[in-house]
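Welcome, and thanks for taking a look at this chain with us. Please open the sequence and the structure side by side before reading on.

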Amino acid sequence: MIEKDFAPSDYIHDIVEGKVCYKSPSNIALIKYWGKKENQLPQNPSISFTLDACTTTTEVAFEKLEKKSNDFSFDLWFEGEPKEDFKPKIKIFLTRIEPYLPFLKNYYFKIETKNSFPHSSGIASSASGMSALALCFMDLEQQLSSNMTNEYFNKKASFLARLGSGSACRSIEGDIVQWGQHNATEGSSDLYGIKYPYKVHENFKRYYDTILLVDKGQKQVSSTIGHNLMHHHPFAEERFKQAHENLDKLQSIFASGDLKEFIKIVESEALTLHAMMMTSMPYFILMKPNTLEIINKIWKFREISKTHVCFTLDAGANVHVLYPENEKEEVFQFIKDELIVYCENQQYICDRIGFGAKKL
Ligand code: PMV
């Protein structure tokens, strides 16, 4: 599908008021998106596990206005309180999606949102937050339209979520989602995420992710600034090429179930993301000493235990510890015994692969 396929056809129903509610998950990238072009289009393809426990639940109550207003009319509540400082971000999102949802200025919206994970845990809520909101608006569009296939609904929800936050387009469906044009993946697109369409070995069906909260503070670099650092980055072109190659390799790994090779790709991608930040201008180190302590402990334990535990990182200091289901007792014991001490206030979140957003 191309961009103009997301322009709406005429609406045939008149909906005066109502309420919709969606719960949408976060996701953890195995192959990282870092660097974007105009309109939130990625410089390279990425792929992620959809998570299960880290979610945002968003309810949108809507009321049709007497006449279309000149500006967006909405209020935003976060965890039971009005939240003025989130409004500018939502307004930017609404401005970006309005060409595809022309009804937005016909309504007043009360948006109420909450996260399952602790506020200021250092876990980015943009993927779950933007995807939940995109789904609520898509639901209203579906109510206004004649008929809409499930496939179109999900694609357009992903397309809209992308305009809020790139990685949010990978949070509509589960359990593995790919975003970005990739020659060896039929149906892949820069415009939206797709459910990974090829064979996935049993080894990857029930993966676990324990998120170690090393640093719960505000992100040192916003992802917008981070993505922009890839413009004129001396290693950018090589990095974008590498992501394509890693995705080629990951396809065979997903099919064969080769956990050793999986670990190599996933850890290398995490370190490459951080290497890009360390080698940009200005440069940043987003890991903390405890991030490195954890990585070293994981490597040592993996060697001794012969398990397949590995790590990945977002653009921050927290560590995602990934492991397959059949090793979960042994690895979780190791996490409790040896890694939790490196977390701020000993805080961590147990998560696993999930199956995508849900209407509530
Ligand atoms: O969706 P954004 O713009 O916040 O970018 C997220 C980028 C990473 O989380 C670092 C990588 C990824 O692919 O999710």
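What follows is a short report on the overall build of the chain and then on one residue in it.

Please keep in mind that this is a predicted model. The chain holds 8 helices and 14 strands. Its C-alpha trace spans about 70 × 45 × 40 Å along the principal axes. How does the radius of gyration fit a compact globule? With 360 residues, such a globule would come near 21 Å, and the chain has 20 Å, so the two agree.

The contacts add to this picture: among those between residues at least 6 apart in sequence, 76% join residues at least 24 apart. Of the 360 residues, 54% count as buried.

Here are the values for the surface and interior of the chain:

| Property of the chain | Value |
|---|---|
| Residues that count as buried | 54% of 360 residues |
| Accessible surface | about 16300 Å² |
| Share of that surface from carbon and sulfur atoms | 50% |

Turning to charge, the chain carries 42 positive and 47 negative charges. The mean positions of these two groups are 1 Å apart.

Now for a closer look at a single residue. Where does Ile 92 sit? You will find Ile 92 in helix H1, which covers residues 87–97. Is Ile 92 buried, partly exposed or exposed? Its relative accessible area is 46%, and because buried means under 20% and exposed over 50%, Ile 92 counts as partly exposed. Ile 92 and Leu 163 are 71 residues apart along the chain, yet their C-alpha atoms are separated by 9.3 Å.

Note on methods. Residues numbered from 1 in each chain as written. Predicted model: local features only at pLDDT ≥ 70, side-chain atom pairs only at ≥ 80, totals over all residues. Heavy atoms only, no water. Helix = DSSP H or I, 4+ residues; strand = E, 2+ residues; numbered from the N terminus. Rg over C-alpha atoms; globule rule 2.2 N^0.38 Å. Buried < 20%, exposed > 50% of the residue type's maximum accessible area, 1.4 Å probe, protein only. Contact = heavy atoms within 4.5 Å. Areas by Shrake-Rupley, 256 points an atom, 1.4 Å probe, with all protein chains shown as cover. Lys, Arg positive; Asp, Glu negative; His and termini not counted. Charge placed at Lys NZ, Arg CZ, Asp CG, Glu CD.
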